[in-house]
Protein chains: 2
Amino acid sequence: MSQQKLAAFKEIVQKINHYHEALSVLFWDLRTGAPKKGVEGRSEVIGMLSTEQFNLSTSDQLGECLDQLSETSVFEGLSNVEQRMVTEYKKDYDRNKKIPVDLFKENVILTSQSESVWEEAKEKSDFSLFQPYLEKVVQFKKQFIEYWGVKGTPYDTLLDIYEPDITAKQLDQVFGSLREKLVPLVAQIGESSNKPNTSFLHQSFSEEKQREFSLFILEEIGYDLGAGRLDKAVHPFMIDLNLRDIRITTNYYPNDITFSLFSSLHEGGHALYEQNISPDLIGTGLCTGASMGIHESQSRFWENMIGRSLPFWKRYYNHLNEVFPQAFSDVSVEDFYRGTNEAKPSLIRIEADELTYNLHVMIRYELEKALFNEDLKVADLPQAWNEKYTEYLGVTPSHDGEGVLQDVHWSGGDFGYFPSYSLGNIYAAQFMNTIQKQLPDFDTYVENGNLQPIKQWLTENIYQYGKLLTPAEILKQVTEEDINPNYLIQYLETKFKGIYGIN
Amino acid sequence: MSQQKLAAFKEIVQKINHYHEALSVLFWDLRTGAPKKGVEGRSEVIGMLSTEQFNLSTSDQLGECLDQLSETSVFEGLSNVEQRMVTEYKKDYDRNKKIPVDLFKENVILTSQSESVWEEAKEKSDFSLFQPYLEKVVQFKKQFIEYWGVKGTPYDTLLDIYEPDITAKQLDQVFGSLREKLVPLVAQIGESSNKPNTSFLHQSFSEEKQREFSLFILEEIGYDLGAGRLDKAVHPFMIDLNLRDIRITTNYYPNDITFSLFSSLHEGGHALYEQNISPDLIGTGLCTGASMGIHESQSRFWENMIGRSLPFWKRYYNHLNEVFPQAFSDVSVEDFYRGTNEAKPSLIRIEADELTYNLHVMIRYELEKALFNEDLKVADLPQAWNEKYTEYLGVTPSHDGEGVLQDVHWSGGDFGYFPSYSLGNIYAAQFMNTIQKQLPDFDTYVENGNLQPIKQWLTENIYQYGKLLTPAEILKQVTEEDINPNYLIQYLETKFKGIYGIN
């Protein structure tokens, strides 16, 4: 009987995954050159398939399977993987079923309107257009939290969606430490007279050559192009179609060599994670990253800790010069390394450097936590935003378009997502500290372009597990510690004090 | 009550179409560069979506809608479009429901095995490997015909799938006329001493430039690249995702300018048809070509009757020379025209020229008709094949790989499909005859690159109707005649006698 339920459960999971793959192909296609005039028709297809997938993941049939498989006597007889499948799908099932269907549908319509109003508001730099929609989105989210149940604080319930088990209390400590150390560091850097030259990064670089160099670097880090591909898209992304089809995109700026290169490395890091999940997890729904934060740790690791390091460029600078002869003929590898690591306060998160990025995230964290836990009013957001930018980064938006309206996330109700970005940096630094202990020749490996042992280490310790372990379990298993921001602080201090000649 | 059924019917049709679009995107993606290692996983997704689509198109719910909407009193109250929808979906529904489910599934497995055995047999030129599978495929098809019901002859039932209402009796007359006139013409050409030079077509042509020229020509004929795109694929094809997303593919041979150019024009012809169907038919399931034959008439019209004509090259030869400077500096436009129209007997259908192509099709027609109507044995196919090639084309395959094993169609059970190719040529010549009467300046239009009136005429007379009319209805409405091979014969005789200097 329970064997039958298990088989039925696995069949439903399989089907949900198949819908996921079909939808991912449609999404990828839309972002990589689908004809504009066909988008309207395509949206209907996406709507239909999403509905089928949603209906399946909230079906009574799945609910019955999950109920029976969750009974202690049955659950204990399941394999490790099966237990994790049941736990994960039950969590999603309960989360979706707790919301009344009508409220759910109203919310879909609301967020879709809200996103399109946000677009207009951002363009016009007019928060007042967006404010009534954002107020409703927050109001809906608060209702959802009540249905889901408050975990610690209301905001904790939202955090749990993106980073299971992380709490606002933990994040307060984490961001508290970052603020204490990084705000003064950013100020020191601002005052440094020893600033890197970046002019050589902004010459004319052909798209074809940029693509050639990105592909070369991707193969060097171990991205399997037989199970993936690199395309062009306005906003770079990684997308997992199936375990053997993990695609990435980048964009090419004619006068900026860094964008395509580092976004390829960033998405390549996400892709390496996905490509090296154990094939045993195919069809289980666990064939993906452990969490947003762990995923981001891998994109940041390959983009910043490897790709923006001096040993990396000691190896690959010659090749860059072969692809772009003359462009850097009078630039030393050290100057190139310093140029690609310029750090300075700015207003726009997605353009921020490795160091200041965390402060952008911290501001958003503090504001969204205040919205849900401390009754900050939506109407007061623009002012609160500007005050925090002035305080932490020393820059003040001149209008809301480059301030509170810059990110799409809140318009779609994605509160609790932002912290993942900094969690990624923090995890990455913790992992880096452990790797360097376990692979003492780490820097030499990088300097020799011998990246295979590093990928191997990450596969054995992180990638292979996919979603079989929670983020906290992976972190503990790998580093023997809980979340700890000190490694990131130490890494950033060492790196940027070195670059800016600060004692 | 019948209003409710009509709404329910339209909703099911909509959903079937959405599955069709999703499947088409997956198919397109597989053919244009999806990573090889991901194909196995992707096949499962395609299998799942195809099953969902098939289940829907054979569902009791659809059956009930169709039953009620087909009742005379209800049917007569429907609009023209609705009537046609009911007729079309009922035809498909009945065809699928008449086959017992188990037999249907067995057949899916059989043809999938048969296709893969065919591949091996073709590679090894070993018909004996394939023979037992082909025998079973034919046996299954004969059973299917019994369930479907014999229309005239058993083979007529198969013809009806691809070209509704066409009969073997009609095709006997049509192919009889073609045989009588074209076999001697091909022989005369073989003996001609005035053969075109083709050496200049085989120089080195860069892929980038070939693509540039194909895109230019596609825009000239009126293909809307805002509602389509041109990609590279091993075997060129056109695929309709939705009315505003009609894609084509081509392939580039480094030493052959003709392949990419004429396959782009061929697929472009298919695409022009799809892009110009009336938007009123969106969501009705009638937003596609009237039949295989009518569709093929449009690809052949644009590829051969326009693209391989002298007026066309009088207009576009200069542009070709701009894209490929020097390549044709000592070749006159007349010689270029003659070179692209070389006709000679060959063994392989897909490499055949405009003239001899029809004889390749005729041979297949005669053989598959004999298999179903006259008890030709599968074991006797190779010999019969070789005899007909010798008789009609004067060439004899040296092994079955370049003979009876060359085409994939029969391995998948697609009997009755081949005649569509020649029907396309015949229809195209009939349409051409009518256009030239109604647009007396036709040749001048082409010579001036003023192709818009021609596309307009085709849209008004053929394209806009999609599947709203049957092929016979369209033919009658446009040409005031039934199918008539004489226009094709006359066109081919004039064209090729001219090129080869035969009186």
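These are my notebook entries on a predicted model, taken up one region at a time.

**Entry 1: the two domains of chain A**

I began with the division of chain A, which is split into domain 1, residues 2-150, and domain 2, made of residues 199-338 together with 424-471. I then looked up how far apart they sit, and found 30 Å between the C-alpha centres of domain 1 of chain A and domain 2 of chain A. For the contact itself I noted 17 residues on the domain 1 side of chain A and 20 residues on the domain 2 side of chain A. Between them these two domains of chain A bury about 1500 Å², and carbon and sulfur atoms account for 63% of that area. Which three residues supply the most of what domain 1 of chain A buries against domain 2 of chain A? I found A:Glu21, A:Trp28 and A:Arg84, which give 40% of that area, more than any other three residues.

**Entry 2: polar links between the domains**

I next looked for charged pairs and recorded one salt bridge between domain 1 of chain A and domain 2 of chain A. A:Glu88 and A:Lys467 form a salt bridge, with 3.4 Å between the closest N and O atoms. For polar contacts between the two domains of chain A I noted four residue pairs, both residues of a pair being at pLDDT 80 or more. On the side of domain 1 of chain A that touches domain 2 of chain A, the elements giving two or more residues are α1 (2-31) and α5 (80-97) of chain A. I wrote down α1(A) as the element that gives the most to this side, with 10 residues. By residue class, the same side of domain 1 of chain A divides into seven nonpolar, six polar and four charged residues.

**Entry 3: helix α8 of chain A**

I turned to helix α8 of chain A, residues 154-162, and found it mostly covered, with seven of its nine residues buried. The buried residues of α8(A) are A:Tyr155, A:Asp156, A:Thr157, A:Leu158, A:Leu159, A:Asp160 and A:Tyr162, so I noted that two aspartates are on the list along with the tyrosines and leucines. What covers the buried residues of α8(A) includes α5, α7 (127-148), α9 (168-191), α12 (292-306), α15 (357-373) and α17 (419-438) of chain A.

**Entry 4: the interface of chain A and chain B**

I then moved to the contact between the chains, to which chain A brings 34 residues and chain B brings 34 residues. The area buried between chain A and chain B comes to about 2700 Å², with 56% of it from carbon and sulfur atoms. A:His18, A:Pro35 and A:Lys37 supply 20% of the area that chain A buries against chain B, which is more than any other three residues.

How many salt bridges are there between chain A and chain B? I recorded 10 salt bridges, and I looked up the salt bridge of A:Asp29 with B:Arg247, where the closest N and O atoms are 2.8 Å apart. Across this interface of chain A and chain B I also noted 21 residue pairs in polar contact, both residues of a pair at pLDDT 80 or more. The elements giving two or more residues to the side of chain A that touches chain B are α1, α2 (39-57), β2 (238-242) and β3 (245-250) of chain A. The largest share of that side, 10 residues, comes from α1(A). I sorted the residues of the side of chain A that touches chain B into 12 nonpolar, nine polar and 13 charged.

**Entry 5: three residues of chain B**

I looked up B:His18 in helix α1 (residues 2-31) of chain B. B:His18 counts as buried because its relative accessible area is 10%, under the 20% cut-off. Leaving aside neighbours within four places in sequence, I found B:His18 in contact with A:Glu44, A:Val45 and A:Met48.

B:Trp148 lies in helix α7 (residues 127-148) of chain B, and I noted it as buried, since its relative accessible area is 15%. The C-alpha atoms of B:Trp148 and B:Asp94 are 8.3 Å apart, although 54 residues separate them along the chain. Beyond four places in sequence, B:Trp148 is in contact with B:Arg95, B:Lys98, B:Ile99, B:Thr157, B:Leu158 and B:Ile161.

Is B:Tyr317, in helix α13 (residues 310-323) of chain B, buried or exposed? I found B:Tyr317 buried, because its relative accessibility is 7%. B:Tyr317 and B:Val333 are 16 residues apart in sequence, with 6.6 Å from C-alpha to C-alpha. Not counting residues up to four places away in sequence, B:Tyr317 touches B:Phe328, B:Val331, B:Ser332, B:Val333 and B:Phe336.

Methods
Residues numbered from 1 in each chain as written. Chains lettered and ligands numbered in written order. Predicted model: local features only at pLDDT ≥ 70, side-chain atom pairs only at ≥ 80, totals over all residues. Heavy atoms only, no water. Domains from an automatic or database assignment. Contact = heavy atoms within 4.5 Å. Buried area = accessible area lost by both parts, 1.4 Å probe. Salt bridge = Lys/Arg side-chain N within 4 Å of Asp/Glu carboxyl O. Polar contact = N/O pair within 3.5 Å; in protein donor to acceptor, adjacent residues only side chain to side chain. Helix = DSSP H or I, 4+ residues; strand = E, 2+ residues; numbered from the N terminus. Nonpolar A, V, L, I, M, F, W, Y, C, P; charged D, E, K, R; others polar. Buried < 20%, exposed > 50% of the residue type's maximum accessible area, 1.4 Å probe, protein only.
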